[in-house]
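Colleague: Could you take a close look at one part for me, the place where the two chains meet? I'd like one connected walk through it.

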Amino acid sequence: MAGLEIISDQGYRIDGRRSSELRKVCARMGVFTQADGSAYIEQGNTKALATVYGPHEVRKGRGKIQHDRAVVNCQFSMATFSTGERKSRPKGDRRSQEMSMHLRQTFEAVIVTELFPRSQIDIYVQILQADGGNYCACVNAATLAVIDAGIPMKDYVCACTAGFIQDSPLLDISYVEESAGAPFLTVAMMPKSEQIVLLEMNSRLHADNMEKVLDLATQGCKDVFAVLDRHVRDHVSESHALMTAS
Amino acid sequence: MKEVPMSTCEREFILKAIRDRKRIDGRQTYDYRRLKVSFGMERGCCIVDLGDTKVLAQVSGKIEEPKKNRPTEGSIIINLELSPMASPAFEPGRPTESGIEMNRILERNIRDSRAVDTESLCIVAGEKVWSIRADVHVLNDEGNIMDAASIAAITALSHFRRPDVSVMGEEVTVHSPEDRDPVPLSVHHMPVCVTFAFFDQGEFLLVDPNRSEERVMDGRMVVGMNMHREICTLMMSGGMLLVKEQVLRCSQIATVKVAEIIELIQRALDKDAQARQAGEKCGFAESVPTNKITTNRKEATAIDTTAAAQQASQVIQEAGPVDKPMSNMLVQAPGTVQIGEGLVNTWDVDDEDMESEEKEGREKSVTNGREAVATSKPTERKRPVKAVSHAEGSDSEEEETVMLFQGDDETKSTEEPDSTALMQPSNSDKPAKKKGKKKKAAQK
């Protein structure tokens, strides 16, 4: 892939987007019947599924019970067929454990756990196709799933990546751009209050460029929020229409 | 072993101190603890002391086959070990979540930021490459393992020398250290992590939290930076909500701190290089200072007392006439003096009677306008009771021995200064008060 430029002369990226454009977001809520809440999201070619069970009684390990709030349990796994080459360890390796922990911390900060003492909320996320922005797709899918489950949250959590290649910030990094070695920043935030829940950065980024990239990521999160919010409202009004019609 | 939970009052105390911009160990908010970098005999072995946190890093190299998708690059592996040796809170075996997070941050900091050039580790493309492994062991956990580990890892990688390899056609010869001098790794830059601890939902932040501050904090942010002001890694998590300005401010603070730390690392590396070159002994045995008290003996020192005697006589002369005869004083026992008449020796009467007497005495003294208050029960002290002055501006604040007797207040008000005090009765407030406090402290 040596000949491929990340940004062409006209300012188009490999997939034809401009530097501050998000990939196409498709979302579906209520995909599974067993789970209390479920959602499926596609961000470009990255596909993620999320299911939420809870709040229910703490099953494993009575030591985990918190007397004043609910325990959030997250599990992240990538399907073996999700990457270009077959992935031998879908979960249990360090990267997956780190992702699970980050997801858990993100949602513990956002879900109003004080309403459900001594209970547990399970969030399971599965990546079906990984094309960059895995963590973001997981967070967005899990947000929708938690909303579908009816668990109260302080605000939506929207996540987005922003990178810095050839002196210009790029929004929503795809896998090709990621593997080019450029620095990229993953931000999960609550869009209305602009409070950052999780911040993660890889590779080298000069401190002066930090603000630009952070601003772009914030803007990206707000755009994602707009899409998700519209989808949730459509979904709810559809379901309502179906219920009242019959 | 489960960690002992922190008591609420200790937690509140630490939080309150932080809100007052104070830290328990006396540091400023952006101060690091004492940082010491030392090296072992082997190349690539480094111990970092950050306050009491002790971390050891050892780098080793092996020749292996490269990864399929990267045939011309060697590999760098960083492994962080949290053993129960560091703290009873760590369990042997599987690493905890926080251990994994720290490991990942270290990996991202050094490996993903290309601190060490992996292309130079290639020997024969597609067949043989160097695989460099840095094992970081935490020896003692007193807070902020992350920073200490990052310093240890990058310093050890800079200190390490790998055997020289020459390739002649198909032949690969690995030269032993005696044959040819080992070759250093090519370290492009030195990324160092700076940890920020947040309290009160991001309102207060500290740099380099120690163990108790870590247990009380809301969340943390780790910023990995190098000398060129490039952020190599950034991790903020822990259920805390921050805004953009806080993140930017932290990166600015990190810039300053990283510059200091890297300077220190450079100095340590240079010193070690000089020592090795000069053929001096180097290694841990040399770097750990010998804190020994071999003997403790004091000579009898002669004190010049001539001036003291003169001063004493002067004081007595200037003391002036004594208004009331001091014959009131009765020495009951060594260290116990009674001034004034006591009706009865009430030392072996019931406590109740003593308390009521004490209270009466106190009330009377308060109503009289005197500031002195008896501070403790007589049964507890054999020495004369020192009065605490809550003065509002009374002129004579001489120390007095408050006697617990139902005597008149008049006698109290004209009591003489304590016989044990060799100081002049002065009328000005400040000096007397100071002396009083000093005496009180001395007594205590």
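Modeller: First, a term: two strands count as paired if DSSP finds at least two bridges between them. Keep in mind that this is a predicted model. With that rule, strand β9 of chain A (residues 195–202) and β14(B) pair across the chains, running antiparallel and joined by 3 bridges. One spot to zoom in on is Glu200(A), whose bridge partner in β14(B) is Met235(B).

Now pull back to the whole contact. Chain B puts in 36 residues and chain A 31 residues. Together they bury about 3100 Å², with carbon and sulfur atoms giving 55% of that area. On chain B's side, Ile231(B), Leu241(B) and Lys244(B) supply 19% of the area chain B buries against chain A, more than any other three residues.

There's plenty of polar business to list as well. The rule finds 9 salt bridges across the interface. Take Glu98(A) and Arg104(B): they form a salt bridge in which the closest N and O atoms are 2.7 Å apart. Polar contacts link 18 residue pairs between the chains, counting pairs with both residues at pLDDT 80 or more.

As for which elements chain B uses, β4 (75–81), α2 (97–112), β14 (230–237) and α5 (244–277) each supply at least two residues to the side touching chain A. Of the elements there, α2(B) gives the most, with 9 residues. Sorted by class, that side of chain B has 14 nonpolar, 11 polar and 11 charged residues.

Technical notes. Residues numbered from 1 in each chain as written. Chains lettered and ligands numbered in written order. Predicted model: local features only at pLDDT ≥ 70, side-chain atom pairs only at ≥ 80, totals over all residues. Heavy atoms only, no water. Contact = heavy atoms within 4.5 Å. Buried area = accessible area lost by both parts, 1.4 Å probe. Salt bridge = Lys/Arg side-chain N within 4 Å of Asp/Glu carboxyl O. Polar contact = N/O pair within 3.5 Å; in protein donor to acceptor, adjacent residues only side chain to side chain. Helix = DSSP H or I, 4+ residues; strand = E, 2+ residues; numbered from the N terminus. Nonpolar A, V, L, I, M, F, W, Y, C, P; charged D, E, K, R; others polar.
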